[in-house]
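Reader: Hi! Could you walk me through this one before I head back to the bench?
Author: Happy to. Here it is.
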Amino acid sequence: MRIRIAATTAVAAGTLAALSAVPAQATEYSSALKIRGIQYDAPGRDSNNCSTGNTDEEYLTIKNYSSGTTVNLKGYVVKDKAGNRFAFTANHYLQPGDHVKLRGGNGTDSDASNVAYRDNCNFMWNNDKDSIYLYKPSGAGADSHSYTKSGSDPDGNGYITYHS
């Protein structure tokens with residue numbers, strides 16, 4: 001009897017150790033909102049000039065995967081690995097199955113057009129590699145992903161899909 005209990009305890013401890021070794025970007029959060037994809041490399045030559053640049057072509061798509069709950073983005077925060085951050089400070093409602101493109105540059109946020117702007121003309125995402133974090137208003141993680149240009153974007157178009 002003791003041998004069986006000891007063996008079961010050893011297996012459980014090994015399973016726990018294996019689970020704790022999973023990298024943070026592989027964590028599956030219980031959140032209706034997920035990062036659907038990212039255009040991390042804006043088409044063309046990068047220019048963060050506010051009037052003639054292309055930071056608005058760099059965007060993060062966030063989707064409400066809930067089948068019946070509308071989610072208000074107010075209070076959600078997006079960060080990159082370096083700590084650059086954007087907080088949704090205004091009400092922006094995502095119906096079930098709806099998405100929003102969080103774009104760089106300046107513009108007018110619109111629920112009807114599914115767009116929100118960071119009102120910042122600097123690029124947020126690195127073209128070679130980065131990590132993306134989406135946090136709930138409570139500070140809890142909603143979703144996260146890491147990418148490398150060579151490992152995550154086989155066609156080299158600067159766009160990566162995470163959740164379809």
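Reader: Let's start with the link of C50 and C121: what is the angle about the S-S bond, and is the link right-handed or left-handed?
Author: The angle is 120°, and the link is right-handed. Bear in mind that this is a predicted model. The sulfur atoms of C50 and C121 sit 2.1 Å apart.

Reader: Thanks! Which parts does the pair tie together?
Author: C50 is in the loop between β1 and β2, while C121 is in the loop between β8 (115-117) and β9, so the disulfide connects parts that lie 71 residues apart in sequence.

Reader: And is C50 buried or exposed? How about C121?
Author: C50 is exposed, at 54% relative accessible area. C121, by contrast, is buried, at 7%.

Reader: How many disulfides does the structure hold?
Author: Just one.

Reader: Switching topic: which residues touch the most other members of the largest nonpolar core?
Author: Those are I38, L60, V78, F88 and W125, out of 24 residues in that core. At least two core residues come from each of β1 (33-39), β2 (59-64), β7 (99-103), β9 (129-135) and β10 (141-148). β1 gives the largest share, with three residues.

Reader: What is L60 in contact with, leaving aside neighbours within four places in sequence?
Author: Its partners include I35, I38, V78, V100, W125 and I132.

Reader: Last one: how many helices and strands are there in the protein chain?
Author: Two helices and 11 strands. Along the sequence, the pattern reads α-β-β-β-β-β-β-β-β-β-β-α-β. Of the chain's 164 residues, 37% are buried.

Notes
Residues are numbered from 1 along each chain as its sequence is written. This is a predicted model: local features need pLDDT of at least 70, side-chain atom pairs count only at pLDDT 80 or more; totals for chains, interfaces and linings use all residues. Side-chain values use heavy atoms; hydrogens and water are left out. A nonpolar core is a set of buried Ala, Val, Leu, Ile, Met, Phe, Trp, Tyr and Cys residues joined through side-chain atoms within 4.5 Å. Buried means under 20% relative accessible area, exposed over 50%, partly exposed in between (1.4 Å probe, protein chains only). Helices (H or I, at least four residues) and strands (E, at least two) are DSSP runs, numbered from the N terminus. Contact means heavy atoms within 4.5 Å. A disulfide is a pair of cysteine sulfur atoms within 2.5 Å.
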